[in-house]
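Dear colleague,

I am handing over the structure that we spoke about, and below it you will find my notes on what turned up in it. Please read them with the coordinates open beside you.

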Amino acid sequence: DTLPVEVFRKLSAKIGSSYPGEGITKEDISRLSSSLGNDNEEQCQRAVDTIYYLYNKVSYSTTKPSAVKSFLTPHIGESHAHSFSECWGEHALDIVSRLKTSSSINKKVSKLAWDSSVSVSRDDCAKLRETEAVLQVEVDGQLKNVLFDLESLTKFYSDLERIQSAIDGMM
């Protein structure tokens, strides 16, 4: 029930070339679904969501393509894992650069969501499985994910406590 490898590769490349920005529209998904002859937009949307999720995971942990492939192979198959890891290798420097220079100044937060996970695994793919927390922030109608490892999460929490103390001091 997966997309053909060549379609998965094209999607990975298209998303990688603009990540974290908007790369795939609803119209793109409709055209893709029609071109596959199955008119299953839900399947195409799941593939797009999966690719965005994968870029999110690897770009914040800056995982090497070979480790990405090893980690993904049991989950999505060797050919799909190879395709994605190649795209990650091609776009990694640009993605990390875009992430470092992206700005959220003068934006209004309209929604927050929180999720966390912990794993004690210590193999070659540990970077992809370490303690992490994801803060979903909707800013001016756009949903953004902020990933934290344990150290940055602890620092973030300390910063929030300091901000809360300052606010309490104003009242």
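Which residues does Leu36 touch, not counting residues up to four places away in sequence? Leu36 touches Leu3, Pro4, Val7 and Cys44 under that restriction. Before going further, please keep in mind that this is a predicted model.

Leu36 itself lies in helix H2, and because its relative accessibility is 27%, above the 20% under which a residue counts as buried and not over the 50% needed for exposed, it is classed as partly exposed. With one of its contacts, Pro4, the C-alpha to C-alpha distance is 9.1 Å, although Leu36 and Pro4 are 32 residues apart in sequence. Another of the contacts, Cys44, has a relative accessible area of 0% and is therefore buried. Cys87, also at 0% relative accessibility, counts as buried as well, and the structure holds zero disulfides.

The aromatic residues are the next topic. There are four aromatic pairs in the count. In one of them the ring centres of Tyr19 and Tyr52 are 6.2 Å apart and the planes meet at 40°, which lies between the limits of 30 degrees for stacked and 60 for edge-to-face, so the pair is tilted. This pair links distant parts of the chain, since Tyr19 sits in the loop between helix H1 (5–18) and helix H2 (26–36), whereas Tyr52 belongs to helix H3 (residues 41–61), 33 residues apart. Both Tyr19 and Tyr52 are buried, and ring pairs join them with Tyr55, Phe84 and Trp88 into a cluster.

Tyr19 deserves a second look for its backbone, as the peptide bond that joins Tyr19 and Pro20 is cis, with omega at about 10°. Pro20 is found, like Tyr19, in the loop between H1 and H2. As background, most peptide bonds are trans.

A word on confidence should accompany all of this. The mean pLDDT of the chain is 78, and 78% of its residues reach 70 or more. Within the chain, confidence is highest in helix H4 (residues 65–76), at a mean of 92, and lowest in strand S1 (residues 109–117), where the mean is 62. Where pLDDT is low, the predicted coordinates should not be read in detail.

With best regards

Definitions and conventions
Residues numbered from 1 in each chain as written. Predicted model: local features only at pLDDT ≥ 70, side-chain atom pairs only at ≥ 80, totals over all residues. Heavy atoms only, no water. Phe/Tyr/Trp six-rings, centres within 6.5 Å; stacked < 30°, edge-to-face > 60°. Helix = DSSP H or I, 4+ residues; strand = E, 2+ residues; numbered from the N terminus. Buried < 20%, exposed > 50% of the residue type's maximum accessible area, 1.4 Å probe, protein only. pLDDT = per-residue confidence, 0-100. Disulfide = S-S within 2.5 Å. Contact = heavy atoms within 4.5 Å.
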